[in-house]
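User: I would like to go through the labels used for this model and see what each one rests on. Please set the values against the cut-offs.

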Amino acid sequence: MKPLVFNNLEVRLASSSADVDAAQALRFKIFHEELGAKFSSHAIATGRDVDRYDEFCDHLLVIDLERGSRSEPCVAGTYRLLRGQIAKAAKGFYSETEFDLSILRTYPGEIMELGRSCVDSGYRRRGAMQLLWRGIAEYLTLHEVQVMFGCGSLHGTDLKEARRALAYLHHFHSAPEYMRPRALQKHYIPMDTMELDEIDPKRAQSELPPLLKGYLRVGSYVGDGAVIDHNFNTIDVCVVAEAQNFTKSYVRHFIKEQKSQLRNRPGISTG
């Protein structure tokens, strides 16, 4: 996919080991230092979040062109992308450590996992996430992806605090049966812990993290059951979306707004 530049920010795929290393450093900074994830002593010593899936994935990056260098790029945001045909070499998807994805594996066409999403705190009000999503939309089209999925996380592991948010997701955003992953039985946590008429949707929505709310705005659903990830200090649900619905919703919610900005601001390139 071609890089896209918006003022000083560029969204593109990692093309070197230095790019991947910078993404792993940002992931460590956000997940461990900011959100309290428990990493290995090696990860803490190196300041890098690394796992066995990294070598098989495409790493989508937002890079600040005014900072860093080619050998040490300044990565402002990142996503990790793993397509179904590549996952065979990786012996599966990361999400399969928590969820049964067999129903998605039988879905006609290409599927893709999204993971390890994070944005540096200094760029969260500067359009970095919107650029990442623009990159995802381009990637979906380029690789003719039909379904995308991944872990959506609520921060913390207190089920009592997450009760309302989980019940809201269950009642209002459950995936259709034909594309509904299920938490593995050994990890399965029911999400229907409140009756529909007990839920205040506005209050429940306010308790969702911004990224999960963003997924729902662009037509995503959640699977059956949640999972506690003690290492990452989260309660996870499986988020799933048909690619064409995501792309259409993304265009409606974000591209129109960006186009109005682009017409009035310099420094735009699609090459």
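User: Why is Arg217 called partly exposed?

Analyst: This is a predicted model, and every value below is computed from it. Arg217 has a relative accessible area of 44%. Buried requires under 20% and exposed requires over 50%, so Arg217 falls in between and is called partly exposed. Arg217 belongs to helix H8, which spans residues 210-217. Its C-alpha atom is separated by 9.1 Å from that of Phe246, 29 residues apart along the chain.

User: Which residues of H8 are buried, and what covers them?

Analyst: The buried residues of H8 are Leu212, Gly214, Tyr215 and Leu216. Their cover includes E4, H5, E7, helix H6 (159-173) and strand E11 (234-242). H8 is followed by Gly219, which has a positive phi near 90°.

User: What makes Asp120 buried?

Analyst: The relative accessible area of Asp120 is 12%. The limit for buried is under 20%, so Asp120 counts as buried. Asp120 is located in the loop between E6 and H5.

User: How do you know that the side chain of Asp120 makes a polar contact with that of Lys29?

Analyst: The distance for this pair of side chains is 2.6 Å. A polar contact needs N or O atoms within 3.5 Å, one able to donate a hydrogen and the other to accept it, so the Asp120 and Lys29 side chains are listed as a polar contact. Leaving out residues up to four places away in sequence, Asp120 touches Leu26, Lys29, Ile30 and Ala76.

User: Why is strand E6 described as largely enclosed?

Analyst: In strand E6, residues 110-119, 10 of the 10 residues are buried, so the strand is largely enclosed by the rest of the structure. Arg116 is found in this strand. With a relative accessible area of 11%, set against the limit of under 20%, Arg116 is buried. Arg116 also has a positive phi of about 50°, although it is not a glycine.

User: What makes E4 and E6 a pair of strands, and which residue stands opposite Met112?

Analyst: Six bridges join strand E4 (residues 73-83) to E6. Pairing takes at least two bridges, so E4 and E6 pair, and they run antiparallel. Arg83 stands opposite Met112 in E6.

User: In what sense do E6 and E7 pair, and what unit do they make with H5?

Analyst: E6 and strand E7 (residues 145-155) pair in the parallel sense over four bridges. Glu110 has Val145 in E7 as its bridge partner. Together, E6, H5 and E7 make a right-handed β-α-β unit.

User: How are E2, E3 and E4 linked by bridges?

Analyst: Strand E2 (residues 9-13) and strand E3 (residues 58-68) run antiparallel and are joined by five bridges. In that pairing, Leu13 stands opposite Leu60 in E3. E3 also pairs with E4 in the antiparallel sense, over seven bridges. There, His59 stands opposite Arg80 in E4. Four residues make up the hairpin connection from E3 to E4.

User: Which residues touch the most other members of the largest nonpolar core?

Analyst: They are Tyr79, Ile136 and Leu169, in a core of 50 residues. Helix H5 (residues 128-142) supplies the largest share, eight residues. Not counting neighbours within four places in sequence, Ile136 is in contact with Leu60, Tyr79, Leu114, Met148 and Phe246. A second, separate core has 34 residues, among them Ala22, Phe39, Ala43 and Phe149.

User: How do you know that Cys57 and Cys151 are in no disulfide?

Analyst: The structure holds zero disulfides. For Cys57, the nearest cysteine sulfur is that of Cys151, 13 Å away. For Cys151, the nearest cysteine sulfur is that of Cys238, 6.2 Å away. A disulfide requires sulfur atoms within 2.5 Å, so Cys57 is in no disulfide, and neither is Cys151.

User: Is each of these two cysteines buried or partly exposed?

Analyst: Cys57, at 9% relative accessibility, is under the 20% limit and counts as buried. Cys151, with a relative accessible area of 23%, is partly exposed.

User: What makes Lys91 exposed?

Analyst: The relative accessible area of Lys91 is 74%. Exposed means over 50%, so Lys91 is exposed. Lys91 lies in the loop between helix H3 (84-87) and strand E5 (99-100). Its phi is near 60°, a positive value in a residue other than glycine.

Methods: Residues are numbered from 1 along each chain as its sequence is written. This is a predicted model: local features need pLDDT of at least 70, side-chain atom pairs count only at pLDDT 80 or more; totals for chains, interfaces and linings use all residues. Side-chain values use heavy atoms; hydrogens and water are left out. A nonpolar core is a set of buried Ala, Val, Leu, Ile, Met, Phe, Trp, Tyr and Cys residues joined through side-chain atoms within 4.5 Å. Buried means under 20% relative accessible area, exposed over 50%, partly exposed in between (1.4 Å probe, protein chains only). Helices (H or I, at least four residues) and strands (E, at least two) are DSSP runs, numbered from the N terminus. Contact means heavy atoms within 4.5 Å. A crossover is right-handed if, with the strands pointing away from the viewer, the path from the first strand over the helix to the second runs clockwise.
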